Amino acid sequence: MTSTKEQSRGAAWLAALTAEGRPADGYPQTVRVVDGSLAGEPARYITVVPDAENPFPRVRNGEVGLIEGWTLARAVRETIAADAERATKRPIVAVIDVTSQAYGRREEAYGIHQALAGAAAAYADARLAGHPVIGLIVGKAMSGALLAHGYQANRLIALDDAGVMVHAMGKAAAARVTLRTVEELEALAATIPPMAYDINSFATLGLLWRLLHVERADAPTATDVDRVETCLVEALADIRADRRRDLSGRLKQSARRTSKEVRERLRAEWQEG
Amino acid sequence: MEKISLEFPAAAPARGRAAVGVVGSGDLEVLLEPNTAGSTTVSITTSVNGMARVWEAVLARVLGASPLPATKIEINDFGATPGVVRMRVEQAFEELNATGGK
Amino acid sequence: MNCEELLQRTSFIELSARERARALLDAGSMRELIGPFERMVSPWLARQGVVTQADDGVVVAKGRIDREPAVVLAIEGAYQGGSMGEVGGAKIAGALELAAEDNRRGIPTRAVIVFETGGVRLQEANLGLAAIAEIHAAIVDLRRYQAVVGITAGTVGCFGGMSIAAGLCSHMIVTQEARLGLNGPAVIEQEAGIAEYDSRDRPFIWSFTGGEQRYRSKLADAYVDDDAHAIRETIRAALRAGAPARHRSDRHEDFLACLAAVDPTQQARPDAVRALYKEGL
């Protein structure tokens, strides 16, 4: 289905990486699932896109709501089931461009926390089953939406672009909750990397496997697609060589030394002395 | 945020240690550990500035009341009143007595 | 309940995180890991003028429950709203990871998580969020071997990324005082407006996210009085029962079928939620 409207980044990258692959049938507008390929083998690509006409009024700008959470779970679990008897599990690529979780009465009422847990569990189970799960951040990667879609990946890749950001809460809400002004928050974020919104600050935290420069993050050129595809292929090889199916890959960089130290102390103290 | 260091005369080194309280609004945590004989040192980190004299007065009363063991006291405070400070410090010493060394 | 029973009750809500962990473990078995005297505090708060707590607001308590090896992760809701920072988050994730490792070596270590948290500590934003993702990963790993039991008792409740962690647990226990929801009321009001969600209307908030509503909507597994003994017994029973055949988080088909029956043009009502999920789950 083509649209004359401007595509979201998630939609643009999904199309580019799957050579305009046809989205799978039976999915809602907001969750696009394409069975494409990676390094010559089948791979499932998943993204969340905005739907201005979404029946749920609080899910019209690319948020992850109730349906999106459970549908992400479905898309991933179908893949797990399809490969259950196979020795080689196909890769799953989460193309990440999510404004936030959905904020609304319906969402709280019907348990959006549980829907996002459904998605997170599916991705985690896929990884534990041996599926290489790759998170590719092409736009916003915010809060609960990221926890549901991408943060359980074996490897995280982000584009180096002003439109790419990772955070726990939007600025206005964060300012209100911490009883500061947005300006004060931004001043703090300038010297406290974990509080910053931009992807370069995020990259200093040691959680990303790669930060990729591209020409047009919002509408990839052929060179951009090539570069990202190459990176995905490398990530796939790296995951398969790893043999570990947990998130310990995120503890390698020196920025994670405090998190590592906590784990080392726990381990040292675990057995009764 | 302010850091205050105080010292008071004390008796023999404490045996054992104690941790009480939480750094919640209007509350504080108190950590007690043994110190060398004769001296109790207090290191305070507090969210409320300009109260050093009040801390000195409150702690002098609590620690000077009867001969207490020599301890290193760490206080992390989030705006507790003198009454709450006194309560938590006394609670910490009580726990020290109760456990006798853990 | 008569006067004597009332007087003998110990409020679980009024206990600190450390006291809660002690109350849940077999008497005398508690041994705290990375306790306050190790002073593993947040590396990020002092420069922002926030006083650190020596245990960063998380208690890791090893011991036994029903004589089996166990670890209790108790979040101190009174410190920074129980929010997750780099150190506290790593304490929880790391302990869950070690519990899973134990199980792979034949040691049946089980975990109980006491959720009293608003989610990510915004002064550490992305590090809190990353730690929560690691907590999620560790719960999904561990629950393959042992039931992971969560409880939220109040007064803070369980919000943000940690509500997702609660949704991953094998069993969730709630009290009347507790709330379990993704977004804090103030944030929903900020994002969606006061007509959508009035953050000062307490009965309204509890009607949707309160413990009793969650229990009656099958989004929690047990509903208990605020009594340490009763809570201890409920946790024991949940651990004895083991993980369910299918975790709630794995029931996307059932939930999608239920949600297909919802008319999104209408605003949600608590009684409709209860009716839908009681029938469909």
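**Helix α7 of chain C, and where chain B meets chain C**

Let me begin with what lies over one helix: the buried residues of α7 in chain C are covered by elements that include α3 (105-109) of chain A, together with α6 (185-192), α8 (211-216) and α11 (270-280) of chain C. Please keep in mind throughout that this is a predicted model.

Which residues of α7 are the buried ones? The helix runs over residues 202-209 of chain C, and those buried in it are Phe204(C), Ile205(C), Trp206(C), Phe208(C) and Thr209(C). As background for reading such a list, an α-helix has 3.6 residues a turn, so residues three or four places apart point the same way.

I turn now to the contact between chain B and chain C, to which chain B gives 19 residues and chain C gives 14 residues. Between them the two chains bury about 1,300 Å², and 64% of that area is on carbon and sulfur atoms. On the chain B side, the residues that lose the most area to chain C are Met1(B), Val22(B) and Val23(B), which together account for 37% of what that side buries.

What about charged and polar pairs? Two salt bridges are found across this interface, and in a salt bridge between Glu74(B) and Arg39(C) the side chains meet at 2.5 Å, N to O. The count of residue pairs in polar contact between chain B and chain C is four, with both residues at pLDDT 80 or more.

Finally, the elements of chain B that give two or more residues to the side touching chain C are β2 (18-21), β3 (27-34), β4 (39-46) and β5 (71-78). Sorted by class, that side of chain B has eight nonpolar, six polar and five charged residues.

Note on methods:
Residues numbered from 1 in each chain as written. Chains lettered and ligands numbered in written order. Predicted model: local features only at pLDDT ≥ 70, side-chain atom pairs only at ≥ 80, totals over all residues. Heavy atoms only, no water. Buried < 20%, exposed > 50% of the residue type's maximum accessible area, 1.4 Å probe, protein only. Helix = DSSP H or I, 4+ residues; strand = E, 2+ residues; numbered from the N terminus. Contact = heavy atoms within 4.5 Å. Buried area = accessible area lost by both parts, 1.4 Å probe. Salt bridge = Lys/Arg side-chain N within 4 Å of Asp/Glu carboxyl O. Polar contact = N/O pair within 3.5 Å; in protein donor to acceptor, adjacent residues only side chain to side chain. Nonpolar A, V, L, I, M, F, W, Y, C, P; charged D, E, K, R; others polar.
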